[in-house]
Amino acid sequence: MAVTNADIAAAFERVADLLELQDANPFRVRAYRNAARRIGELKLDLAARVAAGEGLPKLPGIGTDLAGKIEELAKTGRLALLERLQRQVPAGVTELLQVPGLGPKRVRALYEELHVHSLPQLLRAARDGRIRALPGFGEKTERRIAEAIAARLAAGKRFKLAVAAQYAAVLIEHLRRAPSVREVVAAGSLRRAKETVGDIDLLATADDGAAVVRHFTRHPDAAQVLAAGDTRGSIVLRSGLQVDLRVVPPASFGAALLYFTGSKARNIRLRNLAQERGLKLNEYGLFDGARAVAAATEEQIYAALGLPWIAPELREDRGEIEAARRNALPRLVELADLQGDLHVHTKWSDGTATIEEMARSARERGLRYIAVSEHSRRLTVAHGLDTAQLAKQRDEIDRVNARLADIAVLAGIEVDVLEDGTLDLPDSALARLDIVIAAVHSKFNLPRARQTARVLAALDNPHVKILAHPLGRLIDQRDPYDIDMLAVIRKCKARGVALEVNAHPDRLDLTDVYCRMAKDEGARLAIDSDAHSVHEFDNLVHGVGQARRGWLEKGDVVNALALAELRAWLAGRKEAR
Ligand code: DGT
Ligand code: CA
Ligand code: CA
């Protein structure tokens, strides 16, 4: 693990905090703080210098003692002094220091006067009104402390991609109105379309960084400002979601975007690749000594490293750099490649819109077909349909098709897979439909062998064309069921069944890793919204994100087929791939 200047600065800050908690000599405390600030602002990579055996440059305020500490951190990633100090102060107390507005003096007052040793204790003290009585605190501080802890406790949690994307869109819009700002883009896990996001990372270019940061921290949804400087700001939204902003000059936009998009593992790989060529890569650019070889765009930096541009969704160090070297990167599927959506609900079961309304909404988004696929009768909570209702629904589908041009509505069903692997509707009913989607909605806890056998049996039904949300997981709520996914994928491949990439924000199922496994096995996939309202076609983009993270190309996706080709696939004929 490479040690960054930021790591060294953070360790020194921490030492200063702990020294202060112990009432150490204020000059010593200040020396660590000043050093932390200086190192944080330094462009030169200290660890790289140490690794190259060059020794540290002379830095103002950093004497031999501190230089020794830097070398220790750079070489080992650890600092004995910090570890010793951490042992001397109760663990919970140092956690209190991370509450914004609580410096070492206040923390000392809290644990000496109120015997507060942890965040929950502090929250209780604030809510009981015991903090305002301490000298130097007051009611306002007490309230701020309570809010900050509540946000912090929420901050441990990750946010679903679709939720984070909505917040990001609002903040990007806000930042575009900041003085002197040029580009504003999302970076981090959000740009990589990871299924959950720890915090949002935004990147802007501007001439006046401080003004942009100020504008950012004044967003009305900011409950807390963690940092506000010339080049970076950090806020916590009312929801508890943290947002980091970096502002860089246009000349280093590409380098900063490359760095802050990550992932961390990928950054390290790329940095090593640069080192092998005698170059140095950081968030400011790719350097040959002091000369910037490339910095303004990601493409230029990749090119200088002998690589084609790699899409953000692939940047997880899962073989993409090797593929890029062999010129074997996938041409990833795009939202615009989707011709239709094969999993859509309407008022006939638990949706909120009519068939016609859903068809019109799909058409507005440029789709050419949808399949109406309600739940089947067993799923009574979702008003599942029986054979007679399906026949009536088919009449309405015919009427809508007669009325609307440029969009086709297919008659489908999301039929329940029963415990024994049979389907919830007779074959005679399924045979009359254009498309049959099989889905598990019950008995999630069957043992692996039985769950697998159940789904394999369902896939043997000749009418089934899509396996819906194959893992059955709900993000943060329900684990995937225990199933042999490789066996399921192979069966799908053998039977010509597509595995769904369900784009619902709670599902994103199949996940990226299994998308890739399916592709490697030669199976095909269907990226579907599972929309229950006209707005939920918006979620398709997140399904596409998972598909891209799973290296899928247009040819892997059945609903990237034009309608005629799709019909051929449904009819079981072999169409050209
Ligand atoms: P998240 O927020 O947990 O969903 O994941 P990320 O990937 O957004 O991570 P985050 O927000 O901590 O940092 C954003 C990017 O900045 C990360 O993907 C890579 C880069 N980065 C941050 N810290 C480090 C680090 O210590 N070393 C390296 N090489 N890159 C880092
Ligand atoms: Ca992040
Ligand atoms: Ca971040």
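## A cis bond between two helices

Ser263 sits in the loop that runs between α13 (253-261) and α14 (264-276). This is a predicted model, and in it the peptide bond leading from Gly262 to Ser263 is cis, with omega near 0 degrees. Most peptide bonds are trans, so this loop is a good place to begin looking around.

A second cis bond joins Asp509 to Leu510, with omega near 10 degrees. Leu510 also belongs to a loop, the one between β16 and α22. We will meet both of those elements again below.

## Two calcium ions that share an aspartate

What lies 3.7 Å from the calcium ion (ligand 2)? The calcium ion (ligand 3) does, and Asp199 bridges the two. For ligand 2, the protein donors are Asp199 (O), Asp199 (OD) and Asp201 (OD), at 2.2 to 2.5 Å from the ion. The angles among the six donor atoms of the calcium ion (ligand 2) run from 69 to 162 degrees, and the site is irregular.

The calcium ion (ligand 3) takes its protein donors from Asp199 (OD), Asp199 (OD), Asp201 (OD) and Asp244 (OD), which lie 2.3 to 2.7 Å from it. Written as a spacing in sequence, its donor residues read D-x1-D-x42-D. Distant parts of the chain are linked here: Asp201 is in strand β4 (residues 199-206) and Asp244 is in strand β7 (residues 242-248), 43 residues apart. Are these two residues buried or partly exposed? Asp201 counts as buried because its relative accessibility is 17%, under the 20% limit, while Asp244, with a relative accessible area of 22%, is partly exposed.

## A parallel sheet of seven strands

Seven strands make up an open sheet, paired in parallel and ordered β11-β12-β13-β14-β15-β16-β17. At its edges stand β11 (340-344) and β17; each has a single partner strand, so one side of each has no neighbour in the sheet. From one strand to the next, the twist averages 30 degrees.

Looking further into the sheet, strand β15 (residues 464-467) runs parallel to β16 and is joined to it by two bridges. Ile466 is placed opposite Ala498 in β16. Helix α23 packs on the sheet, where it touches β11, β16 and β17, and its direction makes about 150 degrees with that of β17.

## Helix α22 and its buried side

Which residues of helix α22 (residues 512-520) are buried? Asp512, Cys515, Ala518 and Lys519 are. These residues lie on the same side of α22, because the arc they cover around the axis is only 120 degrees. The partners of this buried set are α21 (485-495), β16 (498-502), β17 (525-528) and α23 (540-549). After α22 comes Gly522, which has a positive phi near 85 degrees.

## Two residues with an unusual backbone angle

Most residues other than glycine have a negative phi. Asp317 is not a glycine, yet its phi is positive, about 55 degrees. Its loop connects α15 (298-304) with α16 (320-325), and Asp317 is partly exposed, at 28% relative accessibility.

Trp551 is another non-glycine residue with a positive phi, this time of about 65 degrees. You can find Trp551 in the loop between α23 and α24 (563-570). With a relative accessible area of 9%, Trp551 is buried.

Technical notes:
Residues numbered from 1 in each chain as written. Chains lettered and ligands numbered in written order. Predicted model: local features only at pLDDT ≥ 70, side-chain atom pairs only at ≥ 80, totals over all residues. Heavy atoms only, no water. Donors = N, O, S within 2.8 Å, 3.2 Å for Na, K, Ca; no water. Helix = DSSP H or I, 4+ residues; strand = E, 2+ residues; numbered from the N terminus. Buried < 20%, exposed > 50% of the residue type's maximum accessible area, 1.4 Å probe, protein only. Arc of directions from axis to C-beta. Contact = heavy atoms within 4.5 Å. Pairing = 2+ DSSP bridges. Axes fitted to C-alpha atoms, helices over the stretch in contact; angles between N-to-C directions. Tetrahedral: all angles 85-135°; square planar, octahedral: opposite > 155°, others 65-115°.
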